Structures are given as structure tokens and as C-alpha cells.
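Visitor: I am new to this one. Could you show me around?

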Amino acid sequence: MGGRARRVTASDIARSLGISRATVGFVINDTPGQTISEATRRKVLAEAARLGYRPHAAARALARGSNRIVLFVLPDWPVEHSLRRYLEEATLVLDRAGYSLVTWTRHAGGRSRPLWETLDPDLVVPVVPLPRDDLDVLRREAGARLLFGGDEPSELHEVPSLRAGPPLQVEHLHERGHARLAVALTGDPRLELLAGLRASLARARATELGVEIADVRTVSDEDGTGHREAADAVRDWLDAGVTGVVAYNDDIAAAVVGAAVRAGIALPGRLAVVGHDDSPLARLLVPALTSVRVDVAGLGRYAAHRALHALGVEDTPPDEPGVWASVVRRETS
């Protein structure tokens, strides 16, 4: 059995061309401040291609003082539609600037080695405020490479993009004539804080508008009982005079809509439902789901441009984004 093929090195290129190893290194690493003729540069690059040379990642990073990696630290949440869109847009912006976006989730009680220790990224970006203990560890271990966390919101409930949706859900139902509402939440324990935040925001806006929140309950399929939970909830809500439902997200809204349809309940005639996130499911569901759309793609682009500014790649900091959110009305309200 043949051995593993030896990696072509810069020294191999230098020997093949009869020039110094330093000259080859200057060309391959595009080292500034070196006087190398264009003919020599082209000769080195052509010979590197002929020999199948591939630069060693660690050596290249050492030469330029950068790994060109930006590490986004994610909350321990499911990677659903909104978070995917955020990361997709941030990835595109960073890629155009020559940087790779890598994600790492800090799980509660997790024992894996922090990814910033393994990758040595140029910058660490917490996507949402981290628990104080985690933030202290990040500051200590990532040092000056930490973006955000200083003048940023220190608590989840302070993040504008996470606060925008529930008030809009309540306002929309109020405008449609609904005065008695219910709130349907996810039972995913990872989302307990965010679900609680959305419920409290819905309740606060309802109080301002003189709308009653008659019930707040979990409608989830985490344990395989989602259909029964949704059916029980819809029955109880109708018995209590509820005519509108504020759902944690489109998945929860779909469970409520499905239970209502199976029970022969007219939507939105007897029960109106508003989801959150405007995921593809909202458009595909029958009846199509009214939902809140938040510009998470714009937030992803902003985070990436701010990272590039912190890295010195972009001279001007990005404009602070407004939180653009709106209700996309469809057939369930």
C-alpha cells in the first residue's frame, strides 16, 4: 500500500525554479513592501499551480496575522427560520470581504472545548446577550477579539428585534375587532426565556389597548402530544369566549390552526390566529397564516458589517438599523 503523498511546499517551488525560498514566500503570501518583478511573481504562481501547491492554513494565518474567521456564538435555541436568515445574510457579507463565518452554540452544561480556543478566530460575536458568567469567560478568554457585550443590551429583553413582534400581533387582532385573546407558547425548554418574554410583551400591549389576555398556555409537540394539547386549547378558548390567538411562532400557530380545522371551526370567523417569523410554512399552510415578519436578514447584514468595521476592513461603521417589522395578513385573521 502506497504511503500518503507528500505535501508540496514553498521550498519545492523554490528548488524547481532555482530561486530563494524567501522570494517564493513573499509571492505566495502577497507580502507587502517587497520588490519583486511581475515576471517573477507570475513564474512562481505558475509553478505553484503546476506542482499542485496548496498553502498550509496555519502557516498562511501566521504570515498575515489573521485566520479570516469570525465566530458567531449562538444561543442554545433551535436553528429556525429567523436565525437561519440572519446567519445566511451575515455569511454572504463576510464572504465577500474574504472572511468565513463559523457558528458555535454554547449549551447549558456543555463540556466541549470553546471553539474560539480551537479556531483562534479574528473576532467573536455573541448573537444575543449572553449570561453574565458566559460573557465574563468570553471577555477573559477572547480578549480584544470580542465584539459586542460592552455598550450592547445586557439582557434578552433589551434586544429591540426580539421585542417587536408580540405587540404587533396584539395590535393586529385588536384592529380586527378581537377583545379577548389567548397566547400559545412553545414548550421547548431551550426557549423558555424567549417564550416568556413574548408572552409578557403581548400582555403589556393588550393592557394598553384594553384587550384581555384570557389564557397563556403551552401548545407544543415536544413530547408527541401536540395535537391533543392544541385541540384542548382551542376547545377551552372557544368556551371562554376567546376569538384571537397570539402564537409564539408559525409552528405553534400551525398547530392551533390544524386543531381548529380538524374541529370544523371557521377561521378567522370564530377564531383568528397570528403567527411570528413569517416562515415559509406561513405561506404554505391551508388556510394561509397571518404572521409577523421581522427583517432578520437586515440585522444579519448589520452584524457582519459591524464585525468588518471592528476588524479594520471597513472604514465607516454601519448605520444603526431600525427594527423593521410588520404583519403580513393572510387567511387566518
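**A tour of sheets and helices**

Guide: Let's start with a pair of neighbours: strand β4 (residues 180–185) runs parallel to β5, and 6 bridges join the two. Strands here are DSSP runs of E with at least two residues, helices are runs of H or I with at least four, and both are numbered from the N terminus; two strands pair if DSSP finds at least two bridges between them. This is a predicted model, in which local features need pLDDT of at least 70, side-chain atom pairs count only at pLDDT 80 or more, and totals for chains, interfaces and linings use all residues. Residues are numbered from 1 along each chain as its sequence is written, and side-chain values use heavy atoms, with hydrogens and water left out.

Visitor: Which residue in β5 is the bridge partner of Leu185?

Guide: Strands of a sheet pair through backbone hydrogen bonds, either parallel or antiparallel. β4 and β5 take the parallel option. Within β5, the partner of Leu185 is Thr218.

Visitor: Which are the edge strands of the open sheet of 6 strands?

Guide: The pairing in this sheet is mixed, and its order is β5-β4-β6-β7-β8-β9. An edge strand here pairs on one side only, which fits β5 (212–218) and β9 (325–328).

Visitor: At what angle to β5 does helix α10 run?

Guide: Helix α10 (residues 192–209) lies across β4, β5, β6 (244–247) and β7 (272–276). Axes are lines fitted to C-alpha atoms, for helices over the stretch in contact (heavy atoms within 4.5 Å). Angles run from 0 to 180 degrees between N-to-C directions, and for α10 against β5 the value is about 170 degrees.

Visitor: Which residue follows α10, and is its phi positive or negative?

Guide: α10 has 18 residues and reaches 26 Å from its first C-alpha to its last. That is close to the expected 26 Å, taken as 1.5 Å times one less than the number of residues. Next comes a residue with phi near 75 degrees, so the answer is Gly210, positive.

Visitor: Which residue has a side-chain oxygen within 3.2 Å of the backbone nitrogen of Asp251?

Guide: Look at the start of α12 (residues 250–262). Asp250, in this helix, is buried (under 20% relative accessible area, 1.4 Å probe, protein chains only). The side-chain oxygen reaching Asp251 belongs to Asn249.

Visitor: What is the handedness of the crossover from β1 to β2?

Guide: Strands β1 (residues 69–74) and β2 (residues 100–105) pair in the parallel sense over 6 bridges. The chain passes between them through helix α5 (residues 81–96). With the strands pointing away from the viewer, a clockwise path over the helix counts as right-handed, and this β-α-β crossover is right-handed.

Conventions: Buried means under 20% relative accessible area, exposed over 50%, partly exposed in between (1.4 Å probe, protein chains only). A polar contact is a pair of N or O atoms within 3.5 Å; within protein, one must be able to donate a hydrogen and the other to accept it, and residues adjacent in sequence count only if both atoms are side-chain atoms.
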